[in-house]
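Q: Please examine closely one part of this protein, namely a run of paired strands, and then relate that part to the rest of the chain. A formal account for a bench biochemist is wanted, with each term explained where it is used.

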Amino acid sequence: MESLFTFTSPPSRCGYLPDREWQLHYEIVGQLTPAEYQNRLQNGWRRFGYSLFRPACPGCQMCQSLRVPVATFRPDRSQRRAWVANADVAVTVGEPAVSPEKLDLYDKFHAHQHEMKGWPGHGAETVADYLESFVDNPFPTEEWCYWLGDRLIGVGYVDHLPEGLSAIYFFYDPDERQRSLGTFNVLSVLRAAADRQLPHLYLGYYVEGCRSLEYKGRFRPNEVITASGGWEPFLK
């Protein structure tokens, strides 16, 4: 791994729990292998592009890194319904790329999340910002595109690591929200992990009280990182 520099952001309004403040510790890397990132995941880090980050919030530990053991996962009734409801959706997996269609879908998704869930306002996504977040990566990343006929309705980014798949980000067409596309995306990645005989799916942070992140706890059984750095069953 080639570490370029690190910094901690100043305290600001939390993006997950708006009644709290957060700080994030960042590390910008020039080189990073899948195995090295796997080790960082085990210590609570996440990434966008070449930027690694993890919470560094004084007095708050609500962000919990969550993973799903693939072999023991069993979908619940609502997840099975989401799988059936999206039987007509085609999924393609390829290399990340930017396009006007993806930028429009990203902006539409964020406008909906701002209105319905109180996410911070988001200006139009630029090509440069999209490239930095999703396309330019220190190691090969998969782009999962979800199609209804010839219409793009969802895009997800996934890392293939030595011991599992790591879901980076997913956005979708809010006009199709009745399909539970976020759930369908996780189920699709879980199936891919099983097909590839990988033991875990890493879903990033679970934050109790954050509507946008609590859904991750419904993929059971699951595990979270303990204070000592090991994984333990999550009892939520």
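A: The account below begins with the basis of the model, turns to the chosen strands, and ends with the wider chain.

The structure is a predicted model, in which local features need pLDDT of at least 70 and side-chain atom pairs count only at pLDDT 80 or more, while totals for chains, interfaces and linings use all residues. Residues are numbered from 1 along each chain as its sequence is written, and side-chain values use heavy atoms, with hydrogens and water left out.

The part chosen is strand 10, which covers residues 151-161. Helices and strands here are DSSP runs numbered from the N terminus, with H or I over at least four residues for a helix and E over at least two for a strand. Nine of the eleven residues of strand 10 are buried, and the strand is thus mostly covered. Buried denotes a relative accessible area under 20%, exposed one over 50%, and partly exposed anything in between, with a 1.4 Å probe and protein chains only.

Strand 10 has a partner in strand 9 (residues 141-148). The two run antiparallel and are joined by eight bridges; two strands count as paired if DSSP finds at least two bridges between them. Within this pair, Y157 of strand 10 lies opposite E143. The hairpin of strand 9 and strand 10 has two residues between the strands, and G149 in this hairpin takes a positive phi near 65°.

Strand 10 also pairs with strand 11 in the antiparallel sense, again over eight bridges. Y157 takes part here as well, with Y169 of strand 11 as its bridge partner. Y157 therefore has a counterpart in each pairing, as two DSSP bridges link this one residue to E143 and to Y169, with bridges being what defines a strand pair. The connection from strand 10 to strand 11 is a hairpin through two residues.

Beyond strand 11 (164-172), the chain passes to helix 5 (181-195), and S180 is found in the loop between them. S180 is not a glycine, yet it has a positive phi of about 55°. Its relative accessibility is 34%, so S180 counts as partly exposed. Q197, which lies in the loop between helix 5 and strand 12, is likewise not a glycine and has a positive phi of about 60°. Q197 is exposed because its relative accessible area is 74%. In the loop between strand 12 (200-207) and strand 13 (223-225) one finds P221. The peptide bond joining R220 and P221 is cis, with omega about -5°.

Before strand 9, the loop between helix 3 (100-117) and helix 4 (127-135) contains A124. A124 is exposed because its relative accessible area reaches 64%. From A124 to L17, 107 residues apart along the chain, the C-alpha separation is 24 Å.

A further set of paired strands occurs in the N-terminal part of the numbering. Strand 4 (residues 24-31) pairs antiparallel with strand 1 (residues 2-8) over six bridges, and in this pair T8 has H25 as its bridge partner. Strand 4 is also joined by five antiparallel bridges to strand 6 (residues 51-55), where P55 stands opposite L24. I28 belongs to strand 4 and counts as buried because its relative accessibility is 15%. Apart from neighbours within four places in sequence, I28 is in contact with E2, S3, L4, F5, Y50 and S51; contact means heavy atoms within 4.5 Å. R40 is found in helix 1 (residues 34-41) and is buried, since its relative accessibility is 14%. With the same neighbours set aside, the contacts of R40 are M1, E27, W45 and L52.

Taken as a whole, the protein chain has five helices and 14 strands. Of its 236 residues, 48% are buried. A compact globule of 236 residues would have a radius of gyration near 18 Å, so the 17 Å of this chain agrees; the radius is taken over C-alpha atoms, and the globule rule is 2.2 Å times the number of residues to the power 0.38. The C-alpha trace spans about 45 × 40 × 35 Å along its principal axes. Of the contacts between residues at least 6 apart in sequence, 67% join residues at least 24 apart.
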